[in-house]
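Me: I would like to go through the labels used for this structure and ask what each one rests on. Please set each value against its cut-off.

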Amino acid sequence: MSTLRSYTLNSCQFINESSKLRSAVTGQPEGMDRFPVNVTEAVCLGASLTISGLCYYLYKKSRTTVHKLDDAPHFTIDGKLKDILKVTPGACLEYAVIEGAVEPVGEPLMSHFQKEIVGVLQKFMLREHRLVWNSLSRSWTDSERVMHQRVNAVPFVLVGSDETTVKVLCPLQASGQHMEITHEKFHQVNYGLGDIVGQYLSGEKLKGQLETEEMLKVGTALTGVGELILDTDGTLCLRPPSNGSQYFLSSADFDTLRGEQESTAVCWKALAIASAVVGAAVLFWVGRRYYYRLKVRWEQEQERREFERLQDETPRTRTSVMGLDASQNGVEENVENACVICLYRPRNCILLDCGHVCCCHSCYQALPHRRCPICRQQISRVVPLYHV
Ligand SMILES: [Zn+2]
Ligand SMILES: [Zn+2]
């Protein structure tokens, strides 16, 4: 008798412990339905929202640049430009477009490689190209490193139709394609057998060095977009805008420059939309799983109610399914008749179609699959068990 009682007590403890263990393993508070987002989904969602936000910001920025370019007045470089600036308040046009040919103020720069080429800006670069073994994609990927870079500049002006000139200030701060490649040479590396073995061991292959020289040549027709001012000494100057607008120097004409900005804006917009769609898809996926989980719960609840209804409807005696607070005989009978899963509650349901009577209704509902724990046959229906 005392052994029986302690056995029952231990089973109770076991159930308590196991539910604590389950909540500890899943990190889920007992009886609470947490929104089911796993780490990968949370990372995907966070990343797509961040990328989408960033792309939207860049899209807005390029869109603003396009609007500013549309609003900027165009001027031809001639004698009238000085008169216009003289009557402008502060002798300054905040954002204007001018076009003219590049002329150096003093001595021009000479190309290191082709002596006949002269320019006003010169950029020399030495880049090292390597192949690096990528263990993730299991392939060699190209990697580039700038080993040396030198920029030379001399003061220059843009010359218009008559001999009027506009001095270009801070040309290195300008964006837009205005340099031309004047020299490009790839110095290949030759290897011995030992080097090749070393490369495969280290996972890095040196391909060679690329030597380039870019120049803004004298005589290039340049489109400049920036702040136009008339200096106190009477020189016209183009400089980076003080209102935060983008400064442009481009060898293409204005329409091409505007078109490039517009396509950049379109690209950012497409990227923003694409990453927002990815985010929405992840949210939809999580929502769908949450919906199915709720649905399964709801169906279980319905099934439980139906089971209880069937139990209540039948006017039969059910001494052995009353639980543990039965008489001494009842307890003995219960333990003999205990559910094979919890070993605690009495078996009270018949699994159909196999007909096995092996578990209590709570354990039946907790089964991971609707299969009989004894014979693995699919469970199509469950009916209450009655003892008469
Ligand atoms: Zn059970
Ligand atoms: Zn069965």
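Reply: The turns below take the labels one at a time.

Me: What kind of model is this, and which pLDDT limits apply?
Reply: The model is predicted, with local features requiring pLDDT of at least 70 and side-chain atom pairs counting only at pLDDT 80 or more, while totals for chains, interfaces and linings use all residues. Residues are numbered from 1 along each chain as its sequence is written, and chains are lettered from A and ligands numbered from 1 in the order in which they are written.

Me: How many helices and strands are there in the protein?
Reply: The protein has seven helices and 14 strands. Both are DSSP runs numbered from the N terminus, helices being H or I over at least four residues and strands being E over at least two.

Me: Why is Ser250 called buried?
Reply: A residue is buried if 20 or more other C-beta atoms lie within 10 Å of its own, exposed if 12 or fewer, and partly exposed in between, with C-beta atoms placed from the backbone. Ser250 has 20 other C-beta atoms within 10 Å, so Ser250 is buried. Ser250 lies in strand 12, residues 248-250. In the protein, buried residues make up 19% of the 388 residues.

Me: Which residues does Ser250 touch, leaving out those up to four places away in sequence?
Reply: Ser250 touches Gly176, Gln177, His178, Thr223 and Leu257. Contact requires that the C-beta atoms of two residues, placed from the backbone, lie within 7 Å. For Gln177, 73 residues from Ser250 along the chain, the C-alpha separation is 5.1 Å. Across the protein, 68% of the contacts between residues at least 6 apart in sequence join residues at least 24 apart.

Me: What makes Arg138 exposed and Cys170 partly exposed?
Reply: Arg138 has 7 other C-beta atoms within 10 Å, so Arg138 is exposed. Cys170 has 13 other C-beta atoms within 10 Å and is therefore partly exposed. Arg138 is in the loop between strand 4 and strand 5 (139-153), and Cys170 is in the loop between strand 7 and strand 8 (180-188). Neither backbone value belongs to a glycine: phi is positive at about 50° for Arg138 and at about 45° for Cys170.

Me: Why does Val383 count as partly exposed?
Reply: Val383 has 13 C-beta neighbours inside 10 Å, so Val383 counts as partly exposed. Val383 is in strand 14, residues 381-384. Leaving out residues up to four places away in sequence, Val383 touches Leu310, Cys349, Ile350 and Leu352. The C-alpha atoms of Val383 and Glu308 are 9.8 Å apart, with their positions 75 residues apart along the chain.

Me: What makes helix 4 hardly covered?
Reply: Helix 4 (residues 193-202) has ten residues, and the count of buried residues among them is zero. Gly203 follows helix 4 and has a positive phi, near 75°.

Me: Which members of the largest nonpolar core touch the most other members?
Reply: Ile98, Leu158, Val166 and Leu228 do, in a core of 30 residues. Several strands each supply at least two residues of this core, including strand 2 (92-104), strand 9 (204-217) and strand 10 (221-230). A nonpolar core is a set of buried Ala, Val, Leu, Ile, Met, Phe, Trp, Tyr and Cys residues joined through C-beta atoms within 7 Å. Another core, of nine residues, lies apart from the largest one and has Cys339, Leu351, Cys360 and Val382 among its members.

Me: How do you know that helix 2 and helix 5 are roughly antiparallel?
Reply: The axes of helix 2 (residues 39-71) and helix 5 (residues 254-313) cross at roughly 155° and come within 7 Å. Axes are lines fitted to C-alpha atoms, for helices over the stretch in contact, and angles run from 0 to 180 degrees between N-to-C directions. Angles under 35 degrees count as roughly parallel, over 145 as roughly antiparallel, 65 to 115 as roughly perpendicular and the rest as oblique. Helix 2 and helix 5 are therefore roughly antiparallel.

Me: Which residues does UniProt list as "transmembrane region"?
Reply: The unreviewed UniProt entry lists residues 268-287. UniProt positions use the numbering given here, feature names are shortened, and annotations may be inferred rather than shown by experiment. In the model, residues 268-287 are 100% helix and 0% strand, with the end C-alpha atoms 28 Å apart.

Me: Where is the cis peptide bond?
Reply: The peptide bond from Leu352 to Asp353 is cis, with omega near 15°. Asp353 is in the loop between strand 13 (349-352) and helix 7 (361-366).
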